[in-house]
2 protein chains.
Amino acid sequence: MDFKEELKHYQKKINKELEKYLRTNNCLEGTLNESMEYSLMAGGKRLRPILVISTYSLFKNDLEECFPYAVAIEMVHNFSLIHDDLPGIDNDDFRHGKLTNHKKFNEATAILAGDGLLNNAYIVISNDLRKMSKINSKELEKKLKVFNEFTLAVDRMIAGEYVDTEYEGREISTEDLQYIHENKTGALLKLCVRMGAILGDANDEELEHLTSYAEKIGLAFQIKDDILSEEGDEKVLGKPVGNDKKLEKCTYVSKYGLEKSKEILENITKEAIEKLESFGDKADFLRGLALYIESRNK
Amino acid sequence: MDFKEELKHYQKKINKELEKYLRTNNCLEGTLNESMEYSLMAGGKRLRPILVISTYSLFKNDLEECFPYAVAIEMVHNFSLIHDDLPGIDNDDFRHGKLTNHKKFNEATAILAGDGLLNNAYIVISNDLRKMSKINSKELEKKLKVFNEFTLAVDRMIAGEYVDTEYEGREISTEDLQYIHENKTGALLKLCVRMGAILGDANDEELEHLTSYAEKIGLAFQIKDDILSEEGDEKVLGKPVGNDKKLEKCTYVSKYGLEKSKEILENITKEAIEKLESFGDKADFLRGLALYIESRNK
């Protein structure tokens, strides 16, 4: 399979897992469930769960083990999108070419659907841990480490989003811009790769290389996001372009300009790929993902 | 100690634990931390963590074991209050006689502080599970059960809140009113008692009695809330009275009238206390709590 086929293959796998979860989860009520499902199935790229699975598959073939964590991270990602889009934060009307959650339903539903998705991520993890508890204590210990890193990365993501909202319309220092990028987007992307590696029983050196790779693609992802917000195609992106400028948001583009940002993006992508050297051909998909993040148009 | 002294004693214990957590948790950023702390330390009754601890102490003396779960449940409770108060849901300006979170800070901060508190509850649980993982697999299995019940009860709470928002201004069936009460408030109160009992190694029969007790005081709590919203003292309550009527909210009072509601409250409190019979004197504090819920004026 070439990269694009493999990407589609992974996306299908994830969507199937998410649908399986939504079908068996009867916990939340009617329209609230519908609202959670609306955002969860709105056509995201599934980058985060794909990072979990493709990193895991560097080490092991039985993907089932990492599915719950892939599903949980996609729920957290969508929780953060729903809340970021709210009138009280970014006040966005469109995402992935569709109405945002509060526009499609209403504000109360969107707040609670976000809360529900965050909590459902922990339901998924908790169900997986309980299933494990009698089997193998070493495996369980590993999963408890993953659960712990999961909670802390979500905290970092919330902190990054908070600092981002605080800076709207104000001049930002390079240090604080880096803080926002590392936390708001970077923490979760790093978590995905680390979860895949830890669940795959990576050794310390492998975990270190993969963590560096993740940090670099996390930064690349955010720089590309900033570039697309400035010069992307509204129809392809599915959301308005130029909003960052209007809101005087702090971005790589507003800080360094468009050309310099593209240069940084290119260099950081190269560095990310270098970190995969020791994994040989097996890491081709992760190399492809780094290039995909650099070149994506949405 | 009489009931009131013991209640104060427990409240102090909880506040100390919460403060300890807030001091050692440097994860979330500046004002966001401040905003979480503002709501967490705004003078709540600490009923939920006290239920955990006092149920646990029916069985064991070493309270340390249940503290993380007492802290986590108070965080979840405060997350739900912050989000319920938001303009997009109840739009309340005051709680516990103080400005609500979004009034004190701003809407974006309040949304993220609520998210942060929910997530921090899981950080607390995750830290406790990791500490345990090498010690004793039977203890760990018990805590994984508690974690699982925790996630599901939070889901029920969010579902209850959602149905509540959906019914504003509409006639409600007795069945749906019961659904809201059982989930929005009841699920978390039941969880508190069950967590205390499970962590205390209660046997099946004890767990069953305590669960019934919890269900009854949960219902009593909500009926009393409805009564106070109708005829409470604004100064004592710290929030406006009569709001439920204005919003045409579905309450016991709007459904059954004030006198009939008080009669139901009295009966259900008696039934709750009956469920504690087999625990003898040790359960005096839980009996006191049931009476306190019935007679409280805030």
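This text goes through the two chains of a predicted model and then through some of the salt bridges.

The arrangement of the chains comes first. Chain B can be laid on chain A by a rotation of 180 degrees with 0.0 Å of shift along the axis, and the RMSD of that superposition is 0.0 Å. This is how copies related by a two-fold axis stand to each other. Both copies use the same surface, since 98% of the contact residues of chain B recur in chain A.

Next come the charged side chains. Side chains of opposite charge can pair when their charged atoms come close. Over all chains, a search of the whole structure finds 38 salt bridges. Three pairs in chain B and one network in chain A serve as examples here.

The pair K20(B) and E17(B) forms a salt bridge whose closest N and O atoms are 3.1 Å apart. Both residues belong to helix α1 of chain B, which covers residues 3-24. Because they are 3 residues apart in that helix, about one helical turn separates K20(B) from E17(B). The two ends of the bridge differ in exposure: K20(B) is partly exposed, with a relative accessible area of 40%, whereas E17(B) is buried at 15%, under the 20% limit for buried residues.

A second pair with a spacing of about one helical turn lies in helix α13 of chain B, residues 258-274. There E266(B) and K270(B) are 4 residues apart, and their side chains meet in a salt bridge with an N to O distance of 3.7 Å. In this case both partners are partly exposed, E266(B) at 40% relative accessibility and K270(B) at 47%.

What does the salt bridge between K184(B) and E161(B) link? It joins distant parts of the chain, with the two residues 23 apart. K184(B) sits in helix α8 of chain B (residues 174-199), and E161(B) in helix α7 of chain B (residues 137-167). The N to O distance in this salt bridge is 3.2 Å. K184(B) is partly exposed, with a relative accessible area of 22%, while E161(B) counts as buried at 3% relative accessibility.

Salt bridges can also be followed beyond single pairs. In chain A, a network of salt bridges links K60(A), E65(A), E139(A), K142(A) and D201(A).

How values were computed. Residues are numbered from 1 along each chain as its sequence is written. Chains are lettered from A and ligands numbered from 1 in the order in which they are written. This is a predicted model: local features need pLDDT of at least 70, side-chain atom pairs count only at pLDDT 80 or more; totals for chains, interfaces and linings use all residues. Side-chain values use heavy atoms; hydrogens and water are left out. A salt bridge is a side-chain nitrogen of Lys or Arg within 4 Å of a carboxyl oxygen of Asp or Glu. Buried means under 20% relative accessible area, exposed over 50%, partly exposed in between (1.4 Å probe, protein chains only). Copies are superposed by least squares on the C-alpha atoms of residues with pLDDT of at least 70 in both. Contact means heavy atoms within 4.5 Å.
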